[in-house]
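Student: I should like to work through this protein model with some questions. May we begin with its surface and then turn to its interior?

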Amino acid sequence: TGSITIPAAARKHVGTAWQKQNDVPHILMTASANDSGLRQRNVVRKDPANGSDYNAVFLAGNAPQFYAIPDEVPLSTIAPEEITDDTVIPYAFIKNNEGSEFRIALEKTMEDKALYLVDLLADVEHHLTIDEPYIFTSSDDDPAERFELHFASADDPTSVDPPEEATDDARIYVTDGVLYIEFPGAVENAELQLIDALGRKVLNNDLGNGSHFSVPLGLNTGAYIVRLSSSDHLITKKIVIR
């Protein structure tokens with residue numbers, strides 16, 4: 001019988017030994033409802049030196065939906081080229097069931113990393129360990145783009161640069177489809193972002209300098225996350241348009 005020989009230079013796969021998941025340093029997190037056994041796994045692993053793409057696309061099931069969103073594609077496994085103290089991985093969460101209380105648990109970690117899970121909706125930074133899962137509540141109208149995973153050296157967990165804490169010295173409210181922002185004093189270089197319940201950025205405005213701002217929205221009813229930044233402030237707040 002005849003045979004076909006593919007030149008080595010044209011081969012897609014090389015002779016690199018196949019690596020099992022457990023052979024590669026990785027982080028395994030699970031999201032679940034407190035009253036259900038259904039769990040959604042998410043993996044963060046180091047990209048092997050051969051540069052292969054080990055990202056895996058997220059596929060929804062019956063468990064709570066918890067997935068990385070570094071770009072437009074949701075991922076159940078994410079393999080950054082490198083993981084440093086400056087690495088931040090954004091995550092989305094959708095409750096996907098009738099429960100109201102949930103947990104994100106760490107089941108396996110990298111020995112050289114300390115992990116911090118930041119809940120943007122609740123304005124909470126949690127040191128995530130195998131013994132200390134993060135417990136939180138969620139409702140159907142919560143925005144999906146809710147979490148960030150931050151890293152620090154395990155030898156010096158304080159080396160992490162935590163996100164700036166949100167301040168409460170600005171009044172933010174919606175009336176008749178207009179978003180009002182009121183600071184007690186003038187701010188500089190104010191910028192406004194709105195994120196909808198699906199994690200989509202629906203508004204991005206440079207507000208400039210001042211103390212009082214009004215922004216016509218023209219958006220559908222529902223819950224949104226307001227992210228307001230300036231030279232001296234970083235504020236994240238949930239609003240509901242009725």
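Student: Is Val73 buried, partly exposed or exposed?

Tutor: This is a predicted model, and Val73 has a relative accessible area of 41%. Buried means under 20% and exposed means over 50%, with partly exposed in between. Val73 is therefore partly exposed.

Student: Where is Val73 placed, and which residues form a nonpolar patch on the surface?

Tutor: The place of Val73 is in the loop between S4 and S5. The patch has about 300 Å² of accessible area together, and its residues are Val57, Leu59 and Val73.

Student: Is Glu111 buried or exposed?

Tutor: Glu111 is found in the loop between S7 and S8. Its relative accessible area is 80%, and the cut-off for exposed is over 50%. Glu111 is therefore exposed.

Student: What distance separates the C-alpha atoms of Glu111 and Ile27?

Tutor: Along the chain, Glu111 and Ile27 are 84 residues apart. In space, their C-alpha atoms are separated by 9.6 Å.

Student: Which residues touch the most other members of the largest nonpolar core, and which strand supplies its largest share?

Tutor: The largest nonpolar core has 25 residues, and those touching the most other members are Val44, Tyr91, Phe147 and Leu149. Several strands supply at least two residues each, including S1 (26-33), S6 (88-94) and S11 (145-153). The largest share, four residues, comes from S1.

Student: Which residues does Leu149 touch?

Tutor: Residues up to four places away in sequence are not counted here. Leu149 then touches Met29, Val44, Thr87, Val88, Ile89, Tyr91, Leu115, Tyr116 and Leu117.

Conventions:
Residues numbered from 1 in each chain as written. Predicted model: local features only at pLDDT ≥ 70, side-chain atom pairs only at ≥ 80, totals over all residues. Heavy atoms only, no water. Core = buried A, V, L, I, M, F, W, Y, C linked by side-chain atoms within 4.5 Å. Buried < 20%, exposed > 50% of the residue type's maximum accessible area, 1.4 Å probe, protein only. Contact = heavy atoms within 4.5 Å. Patch = residues over 30% accessible without salt bridge, like charges linked within 9 Å, V, L, I, M, F, W, Y side chains within 5 Å. Areas by Shrake-Rupley, 256 points an atom, 1.4 Å probe, with all protein chains shown as cover. Salt bridge = Lys/Arg side-chain N within 4 Å of Asp/Glu carboxyl O.
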